[in-house]
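Subject: Structure handover

Hi,

Here is the structure I promised to pass on. Please load it before you read the rest.

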Amino acid sequence: MATQLPSPPKVGMVSLGCPKNLVDSERILTKLRSDGYAMSADYAGADIVLVNTCGFLDSAKEESLEAIGEAIAENGRVIVTGCMGKEAELIRERFPDVLAVTGAHQYEQVVGAVHDAAPVTPSAYLDLVPERDLKLTPRHYSYLKISEGCNHRCSFCIIPSLRGDLVSRRPDAILREAEKLVAAGTKELLVISQDTSAYGVDLRHASYPLKGGGEVRAHMTDLSRELGKLGAWVRLHYVYPYPHVDQVIPLMAEGLVLPYLDIPFQHASPAVLKRMKRPANEAKVLERIKGWRAIAPDIAIRSTFVVGFPGETEEDFQYLLDWLDEAQLDRVGAFRFEPVEGAAANALSNPVHEEVKEERYQRIMEKTAAISAAKLQAKVGKTLDVIIDLVDGDGATGRSKADAPEIDGEVHLRDAGHLQPGDIVQVAIEDADDHDLFGVALSSSNDA
Ligand code: SF4
């Protein structure tokens with residue numbers, strides 16, 4: 001049976017006032033859309049209604065209050081934002097049922113209030129960001145979404161039918177957001193999208209003016225270089241190995257971008273990749289990985305694989321295991337194939353029996369745990385830069401440049417009660433297990 005996807009909560013918006021307010025409304029809706037909300041054109045279909053108010057003149061205030069009253073009467077679940085947010089007491093007095101009142105340009109607060117009032121059910125099939133990470137408060141690492149949608153049509157995926165074709169954000173807008181995040185304390189930028197390598201294709205890789213002069217091209221390499229100049233760690237996720245990815249590797253060697261690539265290979269067997277309709281599915285990937293390691297020897301490559309895809313034979317699976325032996329990937333996540341409602345792969349012939357899927361899953365996990373353990377063991381005795389995520393009593397937990405939050409391993413530090421989340425410290429690695437490292441901090445610096 002195909003996995004049913006949760007239906008997204010719907011948000012209605014009443015936007016009043018000047019063009020600035022309209023831009024705020026657009027930003028709020030864009031953020032909500034990328035967080036998985038759908039929009040409703042009427043009160044009846046909305047799970048929540050946002051009223052973005054104007055309080056410039058008395059007549060505008062009156063119009064705003066009328067709009068709030070109408071939304072309460074028609075829907076009942078209302079969040080107020082915008083200029084009238086200054087008059088929260090007046091609003092609450094007139095409309096005690098209003099769920100939240102936030103002020104103008106407090107867009108994180110209003111988005112947070114929507115999340116509280118109508119939470120999105122997380123879905124591993126749709127979300128780029130791990131479930132626990134859907135926080136909106138500033139912190140030392142931030143996800144930076146560079147595009148939405150996807151031009152590919154992988155047979156197991158329904159993202160393009162839900163989110164449409166690739167729409168890239170302007171590089172200057174991404175850089176402005178990144179600058180603000182870094183100014184607010186972000187030490188690590190996690191670049192996400194459905195297909196980071198395709199960034200800017202829809203913009204025809206045009207150039208856009210930069211605030212301080214010069215230009216930036218809407219292209220993964222150029223954007224990565226500019227992000228790297230901001231001084232935070234820059235980590236690239238969802239990269240498909242198109243030929244131009246080779247141009248990003250020197251930026252890793254230069255220290256502008258973290259020596260880390262998250263490439264969702266999903267399989268290695270050409271026959272399975274063909275049935276999956278995967279992009280950048282070319283035979284020379286192993287050679288290219290060797291080339292990347294020659295330029296950036298510390299590069300960590302993480303990937304995910306699906307086992308038990310329809311038609312996957314024992315030979316295909318063995319091909320994948322042999323390929324992994326060669327590729328020596330640093331981090332691997334594996335999934336048993338599951339049909340998702342609406343995916344083309346559901347119609348493919350020769351489904352793999354559940355027991356076979358399970359057996360293959362255990363085999364791939366065993367193989368990748370052994371590779372990971374050996375790779376981590378080789379780090380014992382080395383000194384690594386580690387970003388601290390959590391300080392708990394005398395200990396702390398952080399991540400090396402090879403570890404993305406939530407999905408990769410951790411570095412556990414002893415005698416680290418003096419550290420703060422967001423510190424970047426040098427750590428002497430003393431021990432390792434299959435997935436994590438253990439060590440002690442040597443120094444504390446924010447620009448390690
Ligand atoms: S590249 Fe494939 S798996 Fe990824 S979002 Fe696009 S269609 Fe889905």
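Below is what was found in it, from the whole chain down to single residues.

Please keep in mind that this is a predicted model.

Overall fold. The chain holds twelve helices and 20 strands. Its radius of gyration is 24 Å, close to the 22 Å that the globule rule gives for 448 residues, so the chain is as compact as a globular protein of that length. The C-alpha trace spans about 70 × 55 × 45 Å along its principal axes. Of the 448 residues, 39% count as buried. Take the contacts between residues at least 6 apart in sequence: 70% of them join residues at least 24 apart.

Ligand site. Which residues surround the ligand? Three are cysteines by name: Cys 150, Cys 154 and Cys 157. The others listed are His 152, Arg 153, Ile 159, Pro 160, Gln 194, Asp 195 and Pro 279. By class, this shell has six nonpolar, two polar and two charged residues.

Parallel sheet. One open sheet is built from five strands, in the order β2-β1-β3-β4-β5. The pairing is parallel. Its edges are β2 (38–39) and β5 (100–101). Each has a single partner strand, so one side of each is left without a neighbour in the sheet. The partner of β5 is worth a look. Strand β4 (residues 78–82) pairs with β5 in the parallel sense, over two bridges. Within that pairing, Ile 79 has Ala 100 of β5 as its bridge partner.

Helix α12. This helix covers residues 354–377, which is 24 residues. At 1.5 Å a residue it should span 34 Å, and its end C-alpha atoms are 34 Å apart, so the two agree. Which of its residues are buried? They are Lys 357, Arg 360, Ile 364, Thr 368, Ser 372 and Leu 376.

Backbone points to check. Most residues other than glycine have a negative phi. Arg 204 has a positive phi of about 55°. Arg 204 sits in the loop between β9 (188–192) and β10 (207–209). Is Arg 204 buried or exposed? It is exposed, with 7 other C-beta atoms within 10 Å. Lys 277 also has a positive phi, near 60°. Its place is the loop between α9 (270–276) and α10 (285–295). Lys 277 is partly exposed, with 15 other C-beta atoms within 10 Å.

Best wishes

Conventions:
Residues are numbered from 1 along each chain as its sequence is written. This is a predicted model: local features need pLDDT of at least 70, side-chain atom pairs count only at pLDDT 80 or more; totals for chains, interfaces and linings use all residues. A residue is near a molecule or strand if its C-beta atom, placed from the backbone, lies within 6 Å of it. Ala, Val, Leu, Ile, Met, Phe, Trp, Tyr, Cys and Pro count as nonpolar, Asp, Glu, Lys and Arg as charged, and the others, Gly among them, as polar. Helices (H or I, at least four residues) and strands (E, at least two) are DSSP runs, numbered from the N terminus. The expected span of a helix is 1.5 Å times one less than its number of residues. A residue is buried if 20 or more other C-beta atoms lie within 10 Å of its own, exposed if 12 or fewer, and partly exposed in between; C-beta atoms are placed from the backbone. The radius of gyration is taken over C-alpha atoms; the globule rule is 2.2 Å times the number of residues to the power 0.38. Two residues are in contact if their C-beta atoms, placed from the backbone, lie within 7 Å. Two strands pair if DSSP finds at least two bridges between them.
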